[in-house]
Each structure stands twice: as structure tokens, then as C-alpha cells.
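User: Hi! I'm new to reading protein models and would like to walk through this one with you. Could we take it question by question?

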Amino acid sequence: MSTIDNKELRVGMVGYAFMGAAHSQAWRTVNRAFDLPLRVRMAAVCGRDEAKVAEAADRLGWDGYVTDWRELIARDDIDVIDVCTPGDSHAEITIAALAAGKHVMCEKPLANNVAEAQAMVDAATAARESGIRTLCGFNYRRVPAAALMRQMIAAGRLGVIRHVRAVYLQDWITDPNFPLVWRLQQERAGSGALGDIGAHIIDLTQHITGQRITGVSALTETFVKERPIPTEMSGLAASSAADGQAYGQVTVDDAAVFTARLSGGAIATYEASRFAMGRKNGLRVEINGSLGSLVFDLERLNELEFYDATLPAAEQGFNRILVTEPEHPYLSAWWPPGHIIGYEHSFTHQARDFVQAVAEGTDPHPSFEEALGVQLVLDAVQRSAASGSTWTQVAQPQYAA
Ligand code: SOE
């Protein structure tokens, strides 16, 4: 492919808000941290508002900008389309980009519903025949401590997994006057806390354990059912609406909790909420096995707690592994041991694996099939919650985890 010949991988990104900024940081940094066979060129960013996208291109380090994603896809000097838009445009942009022969990285959750996710899988499957690569951006897999958790579980250090306990908690909409931004509208976002942050812990726990969620019983709740309509729909940063504004219906969940069974026999609990007062971005996963336990807490993302029940009783206890050694996943690219890294590095690691896979002609993970698997769990949770928490089986797509 031309991308390999000229040793450049030319990226066009659609969207430039929070995730666009995180992805830009990753594209800017990836070749400086990692030795890769392809050099990323940040060719152009796309957004509808010309003044804003021009400013974003300059601030985030893009060579240029366009105001129509179709223009970006039509360009023959772009190899990768990075989709960082709200969920309602993921399928359309991705499918068009794949048809045009572009590799695609698409933010999570893959789509707003199963039908869209399936259409994206079908498009990715067809494109794979021509060497086109796809990845869904579940970035937390690439936090080194989370990657180490997967390695330790795969190596049998926890034995048989009995319990998975996962929470992802935020509090940015606890104020009832917080406006009705796109993330609170079902037609734009698909679902609320469930799809936005619940999807992360579904993916993370399935990835870490190598097991799939096979059935769920769920509750969802929308605590604040109407909110002021903002004058300008924006993301998390939208300011509270002024008095006297019109109100609109919140059409997504504010919180979702569910119990689940996993394919390897574990039982699990999941909780995703935007109403966990005081919790800004609290993602925590605890796994208990027959030989030990592992605990990951995003607020201390350089650490992993490990309880090793194979040690003599007198020596047992939760140990804190500082995940900053060059032997730990991704860490050899960064600083000397003990020099910690942050949230943004997970996106750089994601970009690194994507670039490497494109160069090698292999499929990066999570594949769209895996992301469809997450979408099917989200769908089962919504159906269970809508039917009085009925036990609901999760359909299983084909993929190698
Ligand atoms: C908002 O809830 C959000 O930005 C999510 O969309 C991201 O995926 C998560 O990483 C942080 O919170």
C-alpha cells in the first residue's frame, strides 16, 4: 500500500471535542514515544463550524481542516479516518470511510444500537479483504496496570475467576439545571451512563478476564427527567442553563446497575452512574479468583493491588505493584521506574497498537466484532431493565479475544 511505501500514515479526524483532543494528543506523541514503522501525519481535522475547527486544528496540531467529513474521506492523501463524533454518526462515517478504502479508528461505544454496530462489522469484514484495519477505542485496555491484569489472569495467577466487580462512576449531571446536552438524548447518544461509561467496564472486564458476559439482570434509572434546553448543544463542558429557558425530555439513563454471569463461571456486578456525587471519573475493577485477587482503580492508574493466596499465610495481604517497570506493558517507552504516567497515555498506546497493526497487516483490538459484543451486552441490559429486571441472555458474535 502507498502508506507503507512512503512510510507515512496520514490521519484525518472527525470531531475535535474531548475525545478529539485526547486522540490528537496520541497522534502527536506516538512516534516520539514509540519506534514505529510508519510516521503519523496529522493531515486534517473535520468539524462543521469553520471558525471553531480552524482554531482546533491550530491548537491540536493538525495540518489543516475541512468542514464536511465526506470531503475528508474523498481525499486520497488520507489513509486513516479517526471517528470522534457523537454516536449517531459513527456508523455513517465509518461505513463510508471503509468503502473508500480508509483504515478506521472509531470511538466507543461502537454505535448507538446493535443494528448499526452489525452494519459496521459487516463493512469492516468486507474491507478486511483489502487489508483495511479497524479498531474501536476502548482506551482503558491500554492503561498498563489493566494490561498487566490481563497478563496475570491469562498466566493463571488468580486461578479460577469467581467474582468480577466493576464500577464506573461520575457526577457531572447531578445538578438538575445541567442542560440537555447531546449525551442525554437517546437519538444522539444511544444510551446514557450505560453506553458512555458502562461500555468501558463491560469491555475492560471481558478483556481482562478473557470471559464474556452471557446473561444479565438490570436496573436503569433517569433521576432527572427534564432539563433546560441549552442554546448551543455541547459536551461535558456545557454551562448550566439560565432561568426561564425551555425544558426538554431526558431520554437516556442516568444510571445503570446489573448483575451478570460470565462464560468461565464467574458472577459479576456492574454499576455505571452519572449521579455518584463526588466521583468524577471513578473506574474500579476487582477480580477475585481461587488463587488471589486483583484490584485496579483508575484514580491510581499506575498501581495494581494483588493478593496472592499462594504465599505462606503469614505473608499474605494486598500488595501494591507500582506498574512503572520497563517489563510492564508499554512502559519501556516512557520514563525510568517510579516515574508515573497518566490518562492520556492510554490513547497513545492505542494509537501505537493501531499504527503497528496497520504496518504489519494484522488486526488491532478491540475489533469491531468485539465492540459489537459490548453493544449486545448494552442491548441486553436495556431489555432486561425494561422488563422488570428479567434475566436476559446476551447474544454472542464470533471473535477471537
Ligand atoms: C464522558 O462521560 C466521558 O468522556 C466518556 O465519554 C469517556 O469515554 C470516558 O473515558 C470519560 O468520560
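User: Let's begin at the ligand. How far is an oxygen atom of the ligand from an N or O atom in the side chain of tyrosine 140?

Analyst: Happy to help, and please keep in mind that this is a predicted model. Tyrosine 140 is among the closest of the 13 residues that surround the ligand. An N or O atom in its side chain and an oxygen atom of the ligand are separated by 2.8 Å.

User: At what distance does a polar side-chain atom of glutamine 170 lie from an oxygen atom of the ligand?

Analyst: Glutamine 170 also belongs to the closest residues, a list that includes Lys108 and Asp196. Histidine 200 is another of them, and an N or O atom in its side chain is 2.8 Å from a ligand oxygen. For the polar side-chain atom of glutamine 170, the distance to an oxygen atom of the ligand is 2.9 Å.

User: Lys108 caught my eye. Which kind of peptide bond joins lysine 108 and proline 109?

Analyst: Proline 109 sits in the loop between β5 and α6. Omega for the bond joining lysine 108 to proline 109 is about -20 degrees. That peptide bond is cis.

User: In which loop is proline 366 found?

Analyst: Proline 366 follows histidine 365, and a cis peptide bond with omega of about -5 degrees joins the two. As for its place, look at the loop between α10 and α11.

User: Now the sheets. Which strands of the nine-stranded sheet stand at the edges?

Analyst: Let's read the order across this open sheet, which has mixed pairing: β16-β15-β14-β13-β7-β12-β11-β8-β17. Each edge strand has a single partner, so one side of it is left without a neighbour in the sheet. The edge strands are β16 (318-322) and β17 (392-393).

User: Which residue in β12 stands opposite alanine 256?

Analyst: Strands β11 (residues 255-262) and β12 (residues 267-273) are paired in the antiparallel sense. Seven bridges connect them. Opposite alanine 256, in β12, you will find alanine 272.

User: At about what angle does helix α9 run to β12?

Analyst: Helix α9 covers residues 193-209. This helix lies across β7, β8, β11, β12 and β13. Its angle to β12 is about 150 degrees.

User: What about the six-stranded sheet: which strands are at its edges?

Analyst: This is an open sheet with parallel pairing, in the order β3-β2-β1-β4-β5-β6. From one strand to the next, the twist averages 25 degrees. The strands that pair on one side only are β3 (64-66) and β6 (134-137).

User: Which helix lies across β1, β2, β4, β5 and β6?

Analyst: These strands belong to the six-stranded sheet we just discussed. The helix across them spans residues 343-360 and runs at about 160 degrees to β5. The helix is α10.

User: Last one: how are α6 and α11 oriented, roughly parallel or roughly antiparallel?

Analyst: Two packed helices are described by the angle between their axes and the distance between the axes. Helix α6 (residues 114-128) and α11 have axes 9 Å apart, at an angle of about 170 degrees. Their contact includes Val114 and Met120 in α6, and Phe368 and Leu372 in α11, and its residues comprise eight nonpolar, three polar and three charged. Angles over 145 degrees count as roughly antiparallel, so the orientation of α6 to α11 is roughly antiparallel.

How values were computed
Residues numbered from 1 in each chain as written. Predicted model: local features only at pLDDT ≥ 70, side-chain atom pairs only at ≥ 80, totals over all residues. Heavy atoms only, no water. Pairing = 2+ DSSP bridges. Helix = DSSP H or I, 4+ residues; strand = E, 2+ residues; numbered from the N terminus. Contact = heavy atoms within 4.5 Å. Axes fitted to C-alpha atoms, helices over the stretch in contact; angles between N-to-C directions. Parallel < 35°, antiparallel > 145°, perpendicular 65-115°, else oblique. Nonpolar A, V, L, I, M, F, W, Y, C, P; charged D, E, K, R; others polar. Near = heavy atom within 4 Å. Polar contact = N/O pair within 3.5 Å; in protein donor to acceptor, adjacent residues only side chain to side chain.
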